[in-house]
Protein chains: 2
Amino acid sequence: MPKINENFLKLEKNYLFINIAKKVNSFLKKNPDAPLIRMGIGDVTLPIAPVCVEAMKKGAEEMGVKETFKGYEDSGTGYDFLKKAIAGYYKKFGVSLELDEIRVNDGAKSDCGNIVDIFDDNNIVLITDPAYPVYVDSNKMSGRTIIYADSNEANGFAAMPDSSVHADLIYLCSPNNPTGSAYTRAQLKEWIDYAKANEAIIIYDAAYEAFITDPEVPHSIYEVNGAKECAIEMCSLSKTAGFTGMRCGYTVVPSALHVTTSNGEDVSIAQLWGRRQGSKFNGVSYPVQCAAAAVFTEEGLKQIHENIAYYQENAAIIAKTMDDLGIQYTGGKNSPYIWLKCPKGMSSWDFFDYLLEKIAVVGTPGEGFGKNGKGWFRLTAFGDREKTIEAMERVKKLLSE
Amino acid sequence: MPKINENFLKLEKNYLFINIAKKVNSFLKKNPDAPLIRMGIGDVTLPIAPVCVEAMKKGAEEMGVKETFKGYEDSGTGYDFLKKAIAGYYKKFGVSLELDEIRVNDGAKSDCGNIVDIFDDNNIVLITDPAYPVYVDSNKMSGRTIIYADSNEANGFAAMPDSSVHADLIYLCSPNNPTGSAYTRAQLKEWIDYAKANEAIIIYDAAYEAFITDPEVPHSIYEVNGAKECAIEMCSLSKTAGFTGMRCGYTVVPSALHVTTSNGEDVSIAQLWGRRQGSKFNGVSYPVQCAAAAVFTEEGLKQIHENIAYYQENAAIIAKTMDDLGIQYTGGKNSPYIWLKCPKGMSSWDFFDYLLEKIAVVGTPGEGFGKNGKGWFRLTAFGDREKTIEAMERVKKLLSE
């Protein structure tokens, strides 16, 4: 009988958001008419930009005509037209990328989960806590040793490196999911220095970069000196352009990123990752890539920024409610997330149930993101304006009672 | 410094088809005007069906309107409308599937490569040789012990089980890539009996089922009794509906498929795989799923069968050329592949270079698929009719010289 990978038995049975969905479904079964407002899962609600719709339709039409039909991509790493668009976007932050340093994917989650395949199971992985569960789960699935850097009230939920601790792989997410905190250039430089001192590789999740407003906060880790020698960056159009249901992201693996094997052989990380993806991934749908490239056109950027501004205004409304209620929080600035301290000393899941049962508002229990999330809670700004206002009125009324 | 997964160093540096692409590109650099005909990589050339184009355009439009916009899929396993369409398709073969036994993906290659994550590295993996390189590479990447079942001239390139050999995981592909051979019901029953005797799991790749014409050859392994207790089936729309550039497939994990852990715990394979995918995959683009569902409509099936008939006619043309030349081959029937014995005792790569240099025809060296492929060569029927005829005329002329 095949032996299963028993590391799976050590995981929570279900992914956090599947657990939340179950609780919500059971609530809706009992209360089918409840005016539910979802501020839980980090999903967007505004439609994709008109330029993206048009580009995708055009791509679909090309697929239906022999002369313009596209089969397998030669490289499976993304069409040059999209890579050029992405490289052009990075130029705006002062970052130069070669096209072969960019790999287009079906969303950051896949690469974020799969990247660990190229590393030995015997590595020390450092993850800031709380964190996006994929970092933890994908490493637990391979039985890796995980150490945590605490993001907590004391450091504004932005963990900094501890030079007395060694790590080989480091996960950073900025602006952070779930805490909404964002590293400044100076803070990232500290992480890069730490990575270099440890000869470690940083896996940098920039999925929320489009929400950055503070000029001190870099959009890409490569804006900071030295990052190309120690960091892989992952980004996605999910939050940038509402692509959660379209599925397109990209990973940057700089050609300068090399490691030495146990025999002293020099190995390029890009080549290793390419070998992994060459065998286990076949590229992104052509019409999806067309839509993705449209995001980076002048008109596309204008259209997506309107949506981002809408979400930013929602974030400001939530943040103001917290201010009015005297509730502590991080995020809401540079981020679509508001990470708040549960009132009345409630636990994360108690507060989840409280909001769901009392006012039919769904958030995400901070505990689901790690031990430092205990007693904290995540709200997202991705909802409707009217629903965000309504939810905040309900919260205000409930917590003022 | 992070230790890399050194199993990667034991792999060929590049995926077979990337090597071929390099040789072809270098030939084209030297001979920019060569009238190249590609019969190498198994890529289709006919455009996707009109119903698929329309469905995708409609899906794209829905993504651009707030009321019909789709973000993350709740389950990430495919929309019910598509799963119902797939289940309906299986009904035609007499196979009943529950919707939660079907998982929609971005193509069979991804699942085929990733499925091994749920199994311990310490399993004996049986692969028929020659084989699609993904089976071998994805297991070598985890350092698993691979044993091979020989597909060779003697058995018509359709390996059968050897009861004296034990395996835990078994890869079967029928109709076979690269050999074009296809298992009959009776042959599959032998494999199922072998799997049951070994308490093994079969990973069954049905990517070429749409090419089956022989009623003795099942489209799905589940047409054969007992398969639901021992087999995972993977299929794709790549070859069925020309989706190589659209990226959509599906994996069937029957709920009856369970294993026992070392502690005697009963574990459902569907649940394990769901846990893996829940952390490392986020579902398929909604408009792509719309296009995929259109394949299974009455009109869709009619349109794709016209394309398949076209390729089948190409296969017949290639097969007839081999007959005329007295060259031995398998496939060409139930399959878009013709697997032929290299003439004049040439090696696979010599014959590859010979066809490329002399007549600008690109095929695939059998050796790239495993040791039993030495001296054999794969041609595909996915090309243009005119180019297929032209290539066969060139081959006939060259080999009659």
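**Figure 1. A:Arg247 is a buried residue, with a relative accessible area of 5%.** The view is taken from a predicted model. A:Arg247 lies in the loop that runs between helix H7 (237-241) and strand S8 (249-252) of chain A. Its backbone is notable for the sign of one angle: phi of A:Arg247 is near 70 degrees, a positive value in a residue other than glycine. Most residues other than glycine have a negative phi.

**Figure 2. A:Ala360 has a positive phi, although this residue is not a glycine.** The phi value of A:Ala360 is near 55 degrees. In chain A, the loop between helix H11 (348-359) and strand S13 (361-362) holds A:Ala360. The relative accessibility of A:Ala360 is 5%, and the residue therefore counts as buried.

**Figure 3. Cis peptide bonds precede A:Pro130 and A:Pro175.** Most peptide bonds are trans. The bond that joins A:Asp129 and A:Pro130 is cis, with omega about 5 degrees. A:Pro130 belongs to the loop between strand S3 (124-129) and helix H5 (133-140) of chain A. The bond from A:Ser174 to A:Pro175 is also cis, and its omega is near -10 degrees. A:Pro175 sits in the loop that links strand S5 (169-173) with helix H6 (185-197) of chain A.

**Figure 4. Helices H10 (residues 298-325) and H12 (residues 385-400) of chain A come within 10 Å of each other, as given by their axes.** The two axes cross at roughly 10 degrees, which means that H10(A) is roughly parallel to H12(A). On the H10(A) side, the residues in contact include A:Tyr310, A:Ile317, A:Ile318, A:Met322 and A:Leu325. Among their counterparts in H12(A) are A:Ile389, A:Met392, A:Val395 and A:Leu399. Charged residues take part as well, including A:Glu313 and A:Asp324 in H10(A) and A:Arg385 and A:Lys396 in H12(A). By class, the residues of this contact divide into 9 nonpolar, 4 polar and 5 charged.

**Figure 5. Helices H11 (residues 348-359) and H12 (residues 385-400) of chain B pack at an angle of about 105 degrees.** Their axes are 11 Å apart. H11(B) and H12(B) are therefore roughly perpendicular to each other. B:Phe351, B:Tyr354, B:Leu355, B:Lys358 and B:Ile359 of H11(B) meet B:Arg394, B:Val395, B:Leu398 and B:Leu399 of H12(B). The contact has 7 nonpolar and 2 charged residues, and no polar ones.

**Figure 6. Helix H3 (residues 80-91) of chain B carries several buried residues.** This helix has 12 residues and reaches 16 Å from its first C-alpha to its last, close to the 16 Å expected at 1.5 Å a residue. Its buried residues are B:Leu82, B:Lys83, B:Ala85, B:Ile86, B:Ala87, B:Tyr89 and B:Tyr90. The elements of chain B that cover them include strands S2 (102-105), S7 (231-236) and S8 (249-252). Helices H7 (237-240), H9 (286-295) and H10 (298-325) of chain B also contribute to this cover.

**Figure 7. A rotation of 180 degrees superposes chain B on chain A.** Two copies of a chain are related by a rotation about an axis and a shift along it. Here the shift along the axis is 0.0 Å and the RMSD is 0.0 Å; that is the relation of a two-fold axis. In chain B, the C-alpha nearest the axis belongs to B:Lys57, 2.5 Å from it. Of the interface residues of chain B, 99% are also interface residues in chain A, so the copies meet through the same surface.

Definitions and conventions:
Residues are numbered from 1 along each chain as its sequence is written. Chains are lettered from A and ligands numbered from 1 in the order in which they are written. This is a predicted model: local features need pLDDT of at least 70, side-chain atom pairs count only at pLDDT 80 or more; totals for chains, interfaces and linings use all residues. Side-chain values use heavy atoms; hydrogens and water are left out. Axes are lines fitted to C-alpha atoms, for helices over the stretch in contact, and angles run from 0 to 180 degrees between N-to-C directions. Helices (H or I, at least four residues) and strands (E, at least two) are DSSP runs, numbered from the N terminus. Angles under 35 degrees count as roughly parallel, over 145 as roughly antiparallel, 65 to 115 as roughly perpendicular and the rest as oblique. Contact means heavy atoms within 4.5 Å. Ala, Val, Leu, Ile, Met, Phe, Trp, Tyr, Cys and Pro count as nonpolar, Asp, Glu, Lys and Arg as charged, and the others, Gly among them, as polar. Copies are superposed by least squares on the C-alpha atoms of residues with pLDDT of at least 70 in both. The expected span of a helix is 1.5 Å times one less than its number of residues. Buried means under 20% relative accessible area, exposed over 50%, partly exposed in between (1.4 Å probe, protein chains only).
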